[in-house]
Amino acid sequence: MTVPQASPTADLLMVGPLLPELTAELESRYRVHRWWQSPDQAALLREHGPAIRGIATSGRFGATRELIEALPALEGVFSFGVGYDSIDLAAAQARQVLVTNTPGVLDACVADTALALMLATSRRIAEADRFVRAGRWPQEGFGLGTRMSGKRCGIVGLGNIGLQIARRAEAFDMPILYTNRKPRPDAPAHYRYCPSVTALAAECDFLVLAVPGGGATRHLVDAEVLKALGPQGWLINIARGTVVDEAALVEALQAGRIAGAGLDVFEHEPATPAALNAMDNVVMLPHIASGTHETRRAMADLMLANLDGWFRNGVAVTRVI
Ligand code: 8YV
């Protein structure tokens, strides 16, 4: 797609690979320097660093303090994704560099994935699929699952994504409980607020994590929370791997202290704990909650709107800072 424009408006440093069509669009509008493919990053910085005005990145690749500080003409960090825990905000703030993300457009797909994981774990969907593929059906019966409809849905973080999860869970006749920094005044009155994650875990059947990552939520779900969730409780994580103490989760699963887990995110992605591979009560996805054609396109469009808005008119659409 070509965009009517006299010449590329700025030099961008692209930290890691993005969607091929987004990369092509970026390259048609900007002078793009591919950081991750550079055989000599120091030479790239020496040659182009002084001209680079934007960092193009994603939640996965982020932007380090070191990189932000190495670019004297940097004006903005433009990220593909809503989470910005991998971007050093303090370094950006200190340099008066703006940071943009792509909020809103991915809420529905991320919430859909949370529900998919809730069903996949409790109804043993992935395990049942493996059973059929292995040719076991003619010889054996497949055991029973756990009913999801009507069970209590406990949401950690009632932001936009949390609200969409709640709406979907209500269609399964699930009472909604949640915890947040504070009760959300605009939340439906029948959503029950719990003052802590442990209190919420003790009262729900599905503990669904929808909080941002970063220092403030690191290991929010620890051994104590998992114990409170209990042997009939399921942990669902579509937030960030860092929100869960993964070692404690593995231990809790091994000891049968929780019923199972549905995980789209992990503490050390793309590495996943080997101990989970043998557990049929765990469903693992490779961080695909926003990964649909429609949503990734909308995220790309919003990232481009931020870049073009800033470099053409000095106004970014969705700024974090
Ligand atoms: C993306 C995400 O997969 O938006 C987020 O925060 O985690 C996902 O939508 C990610 O940003 C791409 O790296």
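This is a tour of two parallel sheets and of some helices packed on them.

The model is predicted: local features need pLDDT of at least 70 and side-chain atom pairs count only at pLDDT 80 or more, while totals for chains, interfaces and linings use all residues. Residues are numbered from 1 along each chain as its sequence is written, and side-chain values use heavy atoms, without hydrogens or water.

**The five-stranded sheet**

Start with the open sheet of five strands, which runs β2-β1-β3-β4-β5 with parallel pairing. Strands (E, at least two residues) and helices (H or I, at least four) are DSSP runs numbered from the N terminus, and two strands pair if DSSP finds at least two bridges between them. Select β2 (31-34) and β5 (98-100): these are the edges, each with a single partner strand, so one side of each has no neighbour in the sheet. From one strand to the next the twist averages 25°; angles run from 0 to 180 degrees between N-to-C directions, with axes fitted to C-alpha atoms, for helices over the stretch in contact.

Next select β1 (residues 11-14), which pairs with β2 in the parallel sense over four bridges. M14 is found opposite R34 of β2.

**Helices on this sheet**

Show α2 (residues 41-48), which lies across β1, β2 and β3 (52-58), at about 155° to β2. Then show α11 (residues 293-313), lying across β1, β3, β4 (76-80) and β5 at about 165° to β4.

Move to α1 (residues 20-29), where L22, T23, E25, L26 and R29 are buried; buried means under 20% relative accessible area, exposed over 50%, partly exposed in between, with a 1.4 Å probe and protein chains only. Looking down the axis of α1, the buried residues fall within an arc of 160°, so they line one face of the helix; the arc is taken from the directions from the helix axis to the C-beta atoms. Their cover includes β1, β2, β3, β4 and α11, where contact means heavy atoms within 4.5 Å.

**The seven-stranded sheet**

Now select the second open sheet, seven strands in the order β8-β7-β6-β9-β10-β11-β12, again with parallel pairing. Its edge strands, β8 (192-193) and β12 (282-284), each pair on one side only. At β12, three bridges connect it to β11 (residues 260-263), and G262 has V283 as its bridge partner.

Finish at β7. I176 and Y178 point one way and L177 and T179 the other, and all are buried. T179 is opposite V156, while L177 is opposite R192 in β8.
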